[in-house]
Amino acid sequence: MIMKTSKYNYFISQESGKMLVFNGRTKRFFEVSERNATAFRDIIENPTAEKFEQYKLFYLRMRDEGFVLEDEVDEFKLIVEDYNRMRGPQRYMLLVYTTYQCNLRCWYCIQQHKDLYMSKEIANRLKKHISKYLLENKIKEFDLAWFGGEPLLSSDLIVDITTYAKDFCEKHHISFVSGITSNGLLLTDDLIRKFREINLYNYQITLDGAREQHNKVKKMEGQSAFDITLTNIKSLIELMPEANLNLRINYTEKLDINQLMTEINEIIPYYLHKRIKISPRKVWQVQEERISQKLERELREKIVMNNFIQDCQTMGLCYVANKHFHTIFPDGGVTKCDNDELKEARGFLDEAGNIVFHKENVLEKFDLLGEQSVCAGCSYLPICWGPCPKTINRMLESTGKVTCYHNDLERHIRNYIDDFVVNFKSE
């Protein structure tokens, strides 16, 4: 049997002296002792007919896990199939800003917190859009996401529209789920119970470090935002067994990891930790060079040691790249990226609920896997999946081409793989 090595194999030296062999397309991996590392790498990278006869069972296993392929297999075609599948042709994700207003003023927030709320008229257009779009595009899965500002400032509107969407999907046999990104301060027990009734199951709530650091960022006169948020999180996972909670840790080089874990444990009992996924995310304004890899590694280790589920680094295909994804602003403006500003809206919802675009989205004509893309030939493609759509749009509009946007891509890939392996071993 004639075989070839995968383009997406990574050989990573570990502190233990072992070598980690990881395939980016299949996400399969194994470890090799330091003594055997060179021999194993040669067998995988340089398959020959003679080696196949000698290590036949090993090669067959490596073929099944994607480390080697039969010579006639078009590996890039497999990548294209993965890409199209991830874009979810029959899944619609709709992200809605109920308001640009917020009850806090975090220093790193990119929004200007305009005093703008969604009106009843726009809410009615949104309901019409949901019913039309789902049927016209034969959508099988609908994910309604709430964003802001602080979306819970408009909790009545969220309940109204989510109830409508849930009922419509049930009537038309469409899978439905809803989620929200919030600071968690307004998440009352009554609201949790109501959200459970309408399938609002997905939550992303943010901490900004241990109690003292968090309260410096999320300032509340005479109260601890840290304690309120974590107490509400505890209520959420106790009152809603179906809840999927992503606790995002925004960190800088000042993060005190041990203090953070100690103070979380004071409020969230250990037996509930497996209900919480923690996503460590560097504050984007902080330069990467200021964050030591030791801090990143220790944070990942402490998450697992404390029995939480660790979310991997943000690598992979951005949800904005999904075939069916839109962002709706409070004024009815429509765009793709949820990081766009109001003035960047490329379209709007008309009275019938249709999206009317008045400005071309350059990204729609760009083929990430085409010959003109630097990403197509990159060995890290099936992990990174290129720049985010907003960055691609900016690149195309300014230079007409797409380039790699990572200052240290190998570090990002290494962090992703470390997270993935640690999570796998902890399951």
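How many bridges pair strand 3 with strand 4, and in which sense do the two strands pair? Four, in the antiparallel sense, with strand 3 covering residues 19-23.

Before going on, the ground rules. This is a predicted model, in which local features need pLDDT of at least 70 and side-chain atom pairs count only at pLDDT 80 or more, while totals for chains, interfaces and linings use all residues. Residues are numbered from 1 along each chain as its sequence is written, and side-chain values use heavy atoms, with hydrogens and water left out.

A word on terms. Strands are DSSP runs of E with at least two residues, numbered from the N terminus. Two of them pair if DSSP finds at least two bridges between them.

Back to the sheet. Strands 2, 3 and 4 form an open sheet in the order 2-3-4, with antiparallel pairing. Strand 2 (9-13) and strand 4 (29-32) are the edge strands, each pairing on one side only. On average, neighbouring strands here are turned by 20° against each other, direction ignored; the axes are lines fitted to C-alpha atoms, and angles run from 0 to 180 degrees between N-to-C directions.

Now the individual pairings. Strand 2 joins strand 3 in the antiparallel sense over five bridges. Val21 of strand 3 stands opposite Phe11, and the bridge partner of Val21 in strand 4 is Phe30. Met19 stands opposite Val32 of strand 4.

There are hairpins to point out here. The hairpin of strands 2 and 3 has five residues between the strands, and Gly17 in that hairpin takes a positive phi near 100°. The hairpin of strands 3 and 4 also has five residues between the strands, and there Lys27 takes a positive phi near 65°.

What about burial? Buried means under 20% relative accessible area, exposed means over 50%, and partly exposed is in between, using a 1.4 Å probe and protein chains only. Five of the five residues of strand 3 are buried, so the strand is largely enclosed by the rest of the structure. Met19, Val21 and Asn23 lie on one side and Leu20 and Phe22 on the other, so to speak of faces, both are covered.

Next, strand 13, residues 325-328. Phe325 and Thr327 point one way, His326 and Ile328 the other, and all are buried. Strand 6 (residues 91-97) runs parallel to strand 13 and is joined to it by four bridges. Strand 14 (residues 333-335) runs antiparallel to strand 13, with two bridges. Ile328 takes part in both pairings: Ile328 is the bridge partner of Val96, and in strand 14 the partner of Ile328 is Val334. Strands 13 and 14 form a hairpin with four residues between them, and Gly332 in the turn has a positive phi of about 90°.

One residue elsewhere: Phe147, in strand 7 (residues 141-147). Phe147 is buried, at a relative accessible area of 18%. Phe147 and Ile180 are 33 residues apart in sequence but 6.1 Å apart in space, C-alpha to C-alpha.

Last, the cysteines. How many disulfides does the structure hold? Zero, where a disulfide is counted as a pair of cysteine sulfur atoms within 2.5 Å. Cys337 is in no disulfide, and the nearest cysteine sulfur, that of Cys388, is 5.9 Å away. Cys337 is buried, with a relative accessible area of 8%. For Cys375, the closest cysteine sulfur is in Cys384 at 6.5 Å, too far for a bond. Cys375 is buried, with a relative accessible area of 8%.
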